[in-house]
Amino acid sequence: MQITVLCLSILLHSGGSVYDGLLSICCLSVVVILQTEDQISPLGSDITLNCSLGRSFTMSSYYMYWYRQNHYGAPLEFLTSEYEKINGRFTSTHKEKQNSFTLEINDTRLSDSSTYYCAAQHSDAHRAGKTGREPIPPTVKLFKPSAKEGDRTNKKTLVCLASNFYPDHISVIWSINGNRHEGSTDSAAQRDESFYRITSRLTVNAEQWHNPDNSFTCEVNFFNGKTTITHQKTLKVYIHCICRYQTGL
């Protein structure tokens, strides 16, 4: 599944402080999506984000919805869709003839500074999902480094595998002792027959891996269309002592 992302900055400010948020317009197929201009709005105001399709696309052929991400790597939060129009302070308006799908945020707060996604899924794919294909969360496995790895490079690589999930709305976050670390994750989930799978790797120094005070966690966040399901797997090195006792004569 190919994704096109465009970004628009929304500034929420109070007094002398300015808080910067990003609006990203995103589509879940090969669709051209257009965006509104940058906005600067005070806290407590109402903001309207507009999403439209390119000239060669018809909005009536797509299922539209909005969701957001608080910060990079954070779980996705479903906001509303063309069918579930109102969700608290968030209201969506779908106008097929005007080629417009908007999100209105009422009484903006600092927590509204996020990355917002407008997603378009072709109605054929959406109908296929409605005919019985329910979302399936992933099976997550975390593998420790190979014993032979690092003899020359002094590096160790942990591998996190998420498999047997559907659809492919997933992200992977690594942390060491609760602190986030950058891993290397597949650019997109790979199709495996009727399911998806994705692999992520974390490379650390051998000293880090052998330190018994360190714990390594792979967090997989799966968005099923309405909520985010989180799976965590943790590895920790344990030092085993083989003690020998010798008694005197």
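A residue is called buried here when its relative accessible area is under 20%, and Phe216, with a relative accessible area of 0%, is therefore buried. The legends below use this term throughout, and they describe a predicted model.

**View 1. The chain as a whole is built with two helices and 20 strands.** Of the 249 residues in this predicted chain, 42% count as buried. The surface that the chain exposes comes to about 14500 Å², and carbon and sulfur atoms supply 49% of that area. When contacts between residues at least 6 apart in sequence are considered, 61% of them join residues that are at least 24 apart. The closer views that follow look at individual links, rings and side chains.

**View 2. A disulfide joins Cys51 and Cys118.** A disulfide is a covalent bond between the sulfur atoms of two cysteines. In this view the sulfur atoms of Cys51 and Cys118 are 2.1 Å apart, and the link is left-handed, with -70° about the S-S bond. Because Cys51 lies in strand β5 (residues 47-53) and Cys118 in strand β11 (residues 115-122), the pair ties together parts of the chain that are 67 residues apart in sequence. Cys51 has a relative accessible area of 0%, so this cysteine counts as buried, and Cys118 is buried because its relative accessible area is likewise 0%.

**View 3. Another disulfide joins Cys160 and Cys218.** Here the sulfur atoms of Cys160 and Cys218 are 2.0 Å apart, and the link is left-handed, with -75° about the S-S bond. The pair connects distant parts of the chain, with Cys160 in strand β13 (residues 155-165) and Cys218 in strand β19, 58 residues apart. Both Cys160 and Cys218 are buried. The chain has two disulfides by the rule applied here, and if its bonded cysteines are numbered in sequence order, they pair as 1-2, 3-4.

**View 4. Thr217, in strand β19 (residues 215-223), makes a polar contact through its side chain.** The partner is the side chain of Thr234, at 2.9 Å. The relative accessibility of Thr217 is 13%, and because the limit for buried residues is 20%, Thr217 counts as buried. Leaving aside residues up to four places away in sequence, Thr217 touches Ile173, Trp174 and Ser175, and also Gln232, Lys233 and Thr234. Thr234 therefore appears in this view both as a residue touched by Thr217 and as the partner in the side-chain polar contact, where the cut-off is 3.5 Å.

**View 5. The rings of Trp66 and Phe101 form a stacked aromatic pair, one of five aromatic pairs found in the whole structure.** The ring centres of Trp66 and Phe101 are 5.8 Å apart, and the angle between the planes is 25°. Because planes under 30 degrees apart count as stacked, the pair of Trp66 and Phe101 falls into that class. The two residues come from distant parts of the chain, with Trp66 in strand β6 (residues 62-69) and Phe101 in strand β10 (residues 100-105), 35 residues apart. Trp66 is buried, because its relative accessible area is 0%, and Phe101 is buried for a relative accessible area of 0% as well.

**View 6. The rings of Trp209 and Phe216 form a tilted aromatic pair.** Their centres lie 5.4 Å apart, with 45° between the planes. An angle of 45° is neither under 30 degrees nor over 60, so the pair of Trp209 and Phe216 counts as tilted. Trp209 has a relative accessibility of 9% and so counts as buried, while Phe216 is buried with a relative accessible area of 0%. Elsewhere in the chain, Phe165, Tyr166, Tyr196 and Phe222 form one aromatic cluster.

**View 7. Gln69, in strand β6, makes a side-chain polar contact with Tyr117.** The contact runs between the side chain of Gln69 and the side chain of Tyr117, at 3.1 Å. Gln69 has a relative accessible area of 12%, so this residue is buried. Not counting residues up to four places away in sequence, Gln69 touches Ala74, Pro75 and Leu76, together with Ser114, Thr115 and Tyr117.

Conventions
Residues numbered from 1 in each chain as written. Predicted model: local features only at pLDDT ≥ 70, side-chain atom pairs only at ≥ 80, totals over all residues. Heavy atoms only, no water. Helix = DSSP H or I, 4+ residues; strand = E, 2+ residues; numbered from the N terminus. Buried < 20%, exposed > 50% of the residue type's maximum accessible area, 1.4 Å probe, protein only. Contact = heavy atoms within 4.5 Å. Areas by Shrake-Rupley, 256 points an atom, 1.4 Å probe, with all protein chains shown as cover. Polar contact = N/O pair within 3.5 Å; in protein donor to acceptor, adjacent residues only side chain to side chain. Disulfide = S-S within 2.5 Å. Phe/Tyr/Trp six-rings, centres within 6.5 Å; stacked < 30°, edge-to-face > 60°.
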